[in-house]
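Student: Could you take me through one part of this structure up close? Please start from a single residue and work outward from there.

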Amino acid sequence: MFHVVSRRIMAVLTAASFAVLPLEAGRAAYPEQLIKIIVTFPPGGSADTVIRALEPLVIAELKQGLVIENRAGAGGNIGMAAVAQAKPDGYTLGVAPAGSLTVNPHLNSSMPFDLKDLAPITLLAEIPFVLVASANVPAHTVAETIALAKAKPGALSIGHGGNSTAMHLTAALFTQKTAIAMELVPYRGTAPATVDVLAGHVPFAVLEIPASRQLILEGKLNAIGVSSAQRLSSLPDVPTLAESGIAGFESVGWFGLVAPAGTPADIVGRLNEAFGKALKDPSVVEKIRTLGAEPAPTSPEQFSHFIQSESSKWGKLISEAGIKAN
């Protein structure tokens, strides 16, 4: 009797295992068609350039083509909404910018998507900034900047690349953490902010690395500190703001890869593996650093925690500093 029951149990288990095989085989075959990647910025921007640099390596790894679609607007909200509403089958992905995931929800009363509508795959790249001073400003360090600002309360200002941008938030975080009063002056991008700080029309500015690196190396701008947690290979002699005495200071722009919520975990894992491998390729690393960014592959779990942490940090700053949407 025992052997009969055992045989019946084995038969049931064997049947169940075969019933699962088609699903597993289907998952293993991913991807079976072209994968669309929605980039929430126009062609030529850093996010677009990074994805196109990764494209040939990811194609080689997945043995399937990519279709890159630029869908800009509303600070990334339009593109992210399209990803959130797509079928969760791994064939529609999105390049998510920091702003649309962690800043816009705190500035806009209504959003076309929610974080729970997206499945994080990997962080792709971080974009650090540098706080600079005009050459005629007697400040070369954080300590000298703080002393100068306190000697002239409200008389100094920091230029940045536009309201609610990562550069704006970096400048706001700097003044908050140092408890100094400096006017934050918005510009329409890094280029005009660079022109004005170079000419001395604004004493300080938070700039992107490509726009400022050569000017710093030539001594035309004083580099006070970089906003990243670690020093940059492109500016190895410039200290971080954190090591200069502003404990815990870190502020970077970034973008990562996401899929619609509900995308199977094995597909997310396959994509994470493919993009992570591509991000470590020496030729890709060099190209990304040329853009003033740093490759930053993570696990899906690490990226999810990072998004939540960034959202909490910037939500708190936006509330306390009274930052409003444009």
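**A close look, from one helix outward**

Tutor: Start with aspartate 48, which sits in helix α2 (residues 46-62). Helices (H or I, at least four residues) and strands (E, at least two) are DSSP runs, numbered from the N terminus. This is a predicted model, where local features need pLDDT of at least 70, side-chain atom pairs count only at pLDDT 80 or more, and totals for chains, interfaces and linings use all residues. Residues are numbered from 1 along each chain as its sequence is written, and side-chain values use heavy atoms, with hydrogens and water left out.

Is aspartate 48 buried or exposed? Aspartate 48 is buried, because its relative accessible area is 3%. Buried means under 20% relative accessible area, exposed means over 50%, and partly exposed is in between (1.4 Å probe, protein chains only). Setting aside residues up to four places away in sequence, aspartate 48 touches Val39, Pro42, Pro43, Ile68 and Asn70. Contact here means heavy atoms within 4.5 Å.

Now step back to phenylalanine 41, in the loop between β1 and α2. Its relative accessible area is 32%, so phenylalanine 41 counts as partly exposed. Leaving out neighbours within four places in sequence, phenylalanine 41 is in contact with Ala47, Asn70, Ala72 and Pro97. Phenylalanine 41 and alanine 171 are 130 residues apart in sequence, and their C-alpha atoms are 23 Å apart in space.

Next comes helix α3 (77-84). Seven of the eight residues of α3 are buried, so the rest of the structure largely encloses this helix. Those buried residues are Asn77, Gly79, Met80, Ala81, Ala82, Val83 and Ala84. They pack against β1 (35-39), β3, α4, β4 and β9.

Helix α4 (residues 98-107) is mostly covered too: seven of its ten residues are buried. The list runs Ala98, Ser100, Leu101, Thr102, Val103, Asn104 and Leu107. The cover over them includes α3, β3 (92-97), β4 (118-134), α6 (166-178), β9 and α11.

Two elements on that list, β9 and α11, lead to some aromatic rings. How many aromatic pairs does a search of the whole structure find? The search finds three. Rings of Phe, Tyr and Trp (its six-membered ring) pair if their centres lie within 6.5 Å; planes under 30 degrees apart count as stacked, over 60 as edge-to-face and the rest as tilted. Tryptophan 254 and phenylalanine 303 form an edge-to-face pair, 5.9 Å centre to centre with 85 degrees between the planes. Tryptophan 254 lies in strand β9 (residues 252-260) and phenylalanine 303 in helix α11 (residues 300-321), so this pair ties together parts 49 residues apart in sequence. Both tryptophan 254 and phenylalanine 303 are buried. Tryptophan 254 also pairs with phenylalanine 306: their ring centres are 5.2 Å apart and their planes at 65 degrees, so this pair is edge-to-face. It links distant parts of the chain, with tryptophan 254 in β9 and phenylalanine 306 in α11, 52 residues apart. Ring pairs join Trp254, Phe303 and Phe306 into a cluster.

Then look at the nonpolar cores. In soluble globular proteins, nonpolar side chains tend to be buried together. A nonpolar core is a set of buried Ala, Val, Leu, Ile, Met, Phe, Trp, Tyr and Cys residues joined through side-chain atoms within 4.5 Å. The largest core has 64 residues, of which Leu54, Leu124, Phe204, Leu271 and Phe275 touch the most other members. Strand β4 gives the largest share of this core, eight residues. Leucine 271 touches Tyr30, Ile35, Leu62, Leu93 and Ile121, again without residues up to four places away in sequence. A second, separate core of 18 residues includes Ala81, Ala82, Leu123 and Ala296. Ala81 and Ala82 also appear among the buried residues of α3.

For contrast, try serine 244, in the loop between β8 (221-226) and β9. Its relative accessibility is 26%, so serine 244 counts as partly exposed. Beyond neighbours within four places in sequence, serine 244 is in contact with Val142, Ile224 and Pro239.

Finally, zoom out. The protein chain has eleven helices and ten strands. Of its 326 residues, 49% count as buried. Among contacts between residues at least 6 apart in sequence, 77% join residues at least 24 apart.
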